Amino acid sequence: MALEMDVADEASVAAGFDRVQRSWSGVDVLVNNAAYRQKCATLSLSATEWDQMHALIARGTFLCLKAAVQQMQARGGGSIVNISSVSAVRPTIMPNLHYDSAKAGVDGLTRLAAVEFAKDGIRVNSIQPGGMNTQGANNIRSALAGNMVGPWMIPGRLPLGRPADPIEVARAVLFLASEASSYVNGAHLLVDGGYSVG
């Protein structure tokens, strides 16, 4: 079943999760994957752009997590996988201040929720992908061709030498969503081709 939600809007999230409750008796797995990736130099970054980024990424993750937890508690547990970024822990491509800080907020939320809701049988983890071979990412790379700066651009910094195919991140999500990771809670799983090693 497909449904449309504005994850930054509390009423929209409530309505979406209510529909899931009525249709499927609740949520077993939540993957927080809504994203917005607009680059802007720090001194040119407006408060409006900052708020937009944090509304979608940090606020959206919080609202969906809260709604899912309420249903999972009634069902005896569940798994929440938040899509963060390697940018939450180290710079990749600048300028990216609003994105990096929003993703760091996702990881902070992940750790606290993992402890708070463990008693309910709810595990909360995050994935920290590196560069992705998606149309959106490729559009950004094309738009910034010749102007991309940051550690990600250092030759040889990425041991596997390529961005991730989406299926490679999806497999990591499946692991954390499934019983294969039944003793994994509060973790931040790097799926970055070895970028963080450098």
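In the predicted model, the chain carries 16 positive and 16 negative side chains, and the centres of these two sets are separated by 5 Å. The accessible surface of the chain amounts to about 10300 Å², and carbon and sulfur atoms contribute 58% of this area. Of the 198 residues in the chain, 43% are buried.

The secondary structure consists of 5 helices and 4 strands, which follow one another from the N terminus in the order α-β-α-β-α-β-α-α-β. Measures of overall shape were computed for the chain as well. The C-alpha trace spans about 50 × 35 × 30 Å along its principal axes. For a chain of 198 residues, a compact globule would be expected to have a radius of gyration near 16 Å, and the value of 17 Å found for this chain agrees with that expectation. Among the contacts with a separation of 6 or more, 75% are made by residues that lie 24 or more positions apart.

In soluble globular proteins, nonpolar side chains tend to be buried together. In this chain, the largest nonpolar core comprises 21 residues, and those with the most contacts inside this core are Phe17, Leu30, Leu65 and Ile80. Two or more residues are given to this core by each of helix H1 (10–24), helix H2 (47–75), helix H3 (97–116) and strand S3 (122–129), with H2 giving the most, namely 8 residues. When residues up to four places away in sequence are not counted, Ile80 touches Leu30, Asn32, Leu65, Val69 and Met72, and also Ile122, Arg123, Val124 and Asn125. A second core, separate from the one just described, has 11 residues, including Val81, Ile127, Met132 and Ala164.

Leucine 190 was examined as a single position in strand S4, which covers residues 188–191. The relative accessible area of Leu190 is 37%, and this residue is therefore classed as partly exposed, given that buried residues fall under 20% and exposed residues lie over 50%. Leu190 touches Val86, Gln128 and Ser196, again not counting residues up to four places away in sequence. Between leucine 190 and alanine 55 there is a separation of 135 residues in sequence, while the distance in space, from C-alpha to C-alpha, is 24 Å.

Key: Residues numbered from 1 in each chain as written. Predicted model: local features only at pLDDT ≥ 70, side-chain atom pairs only at ≥ 80, totals over all residues. Heavy atoms only, no water. Rg over C-alpha atoms; globule rule 2.2 N^0.38 Å. Buried < 20%, exposed > 50% of the residue type's maximum accessible area, 1.4 Å probe, protein only. Contact = heavy atoms within 4.5 Å. Areas by Shrake-Rupley, 256 points an atom, 1.4 Å probe, with all protein chains shown as cover. Lys, Arg positive; Asp, Glu negative; His and termini not counted. Charge placed at Lys NZ, Arg CZ, Asp CG, Glu CD. Core = buried A, V, L, I, M, F, W, Y, C linked by side-chain atoms within 4.5 Å.
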